[in-house]
Amino acid sequence: MHGPKVREGQGETAHIIWEVVPKDGAANAKGVEEIGTVIYGQIPAGYVQNYPEQGQAPTLVEGEEYDVWLITDNANGVKRHFVVRDGKILVK
């Protein structure tokens, strides 16, 4: 998930606020039906958090815009752009 700049550096990596990947590599990723609902900040079983490198995912900030990608294999992936307004997620 990308949002406002959260770390030093240039480009995409400086804006990754939360990223999880399969624990044992892409070849051992679980199917969408096995993972179920993915909730921001909660690491699905069988996955590990890449970003942030330590600690929990940062709180989403009112008025900031974010992009979320769910990359899949053998299923349709998802990309959404959203903003937080009045404590609610509004998909743009």
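For the description of the pocket lining, Ala, Val, Leu, Ile, Met, Phe, Trp, Tyr, Cys and Pro count as nonpolar, Asp, Glu, Lys and Arg as charged, and the others, Gly among them, as polar. On this basis, the lining of the largest pocket in the predicted model comprises 24 nonpolar, five polar and six charged residues. The space within this pocket amounts to about 1,100 Å³. Its lining is formed by 35 residues, of which Val20, Trp69, Leu70, Ile71 and Thr72 are the closest to the centre. Two or more lining residues are given by each of strand S1 (19-22), helix H1 (32-35), strand S3 (65-70) and strand S4 (78-85). The largest share, four residues, is contributed by S1.

Two aromatic pairs are present in the structure. Tryptophan 18 and tyrosine 40 adopt an edge-to-face arrangement, with a centre-to-centre distance of 5.4 Å and an angle of 75° between the planes. Because tryptophan 18 lies in the segment before S1 and tyrosine 40 in the loop between H1 and strand S2 (47-51), this pair ties together parts that are 22 residues apart in sequence. Tryptophan 18 counts as buried, at 7% relative accessibility, whereas tyrosine 40 is partly exposed, with a relative accessible area of 27%.

The pair formed by tyrosine 66 and phenylalanine 82 is stacked, with 5.5 Å from centre to centre and 25° between the planes. Tyrosine 66 belongs to strand S3 and phenylalanine 82 to strand S4, so parts that are 16 residues apart in sequence are tied together by the pair. Tyrosine 66 and phenylalanine 82 are both buried.

How values were computed
Residues numbered from 1 in each chain as written. Predicted model: local features only at pLDDT ≥ 70, side-chain atom pairs only at ≥ 80, totals over all residues. Heavy atoms only, no water. 1 Å grid on protein atoms, 1.4 Å probe; cavity = no way out; pocket = protein on both sides within 12 Å on 5 of 7 lines; lining within 4 Å. Points joined across faces, edges and corners; volume = space filled by probe spheres on them. Phe/Tyr/Trp six-rings, centres within 6.5 Å; stacked < 30°, edge-to-face > 60°. Buried < 20%, exposed > 50% of the residue type's maximum accessible area, 1.4 Å probe, protein only.
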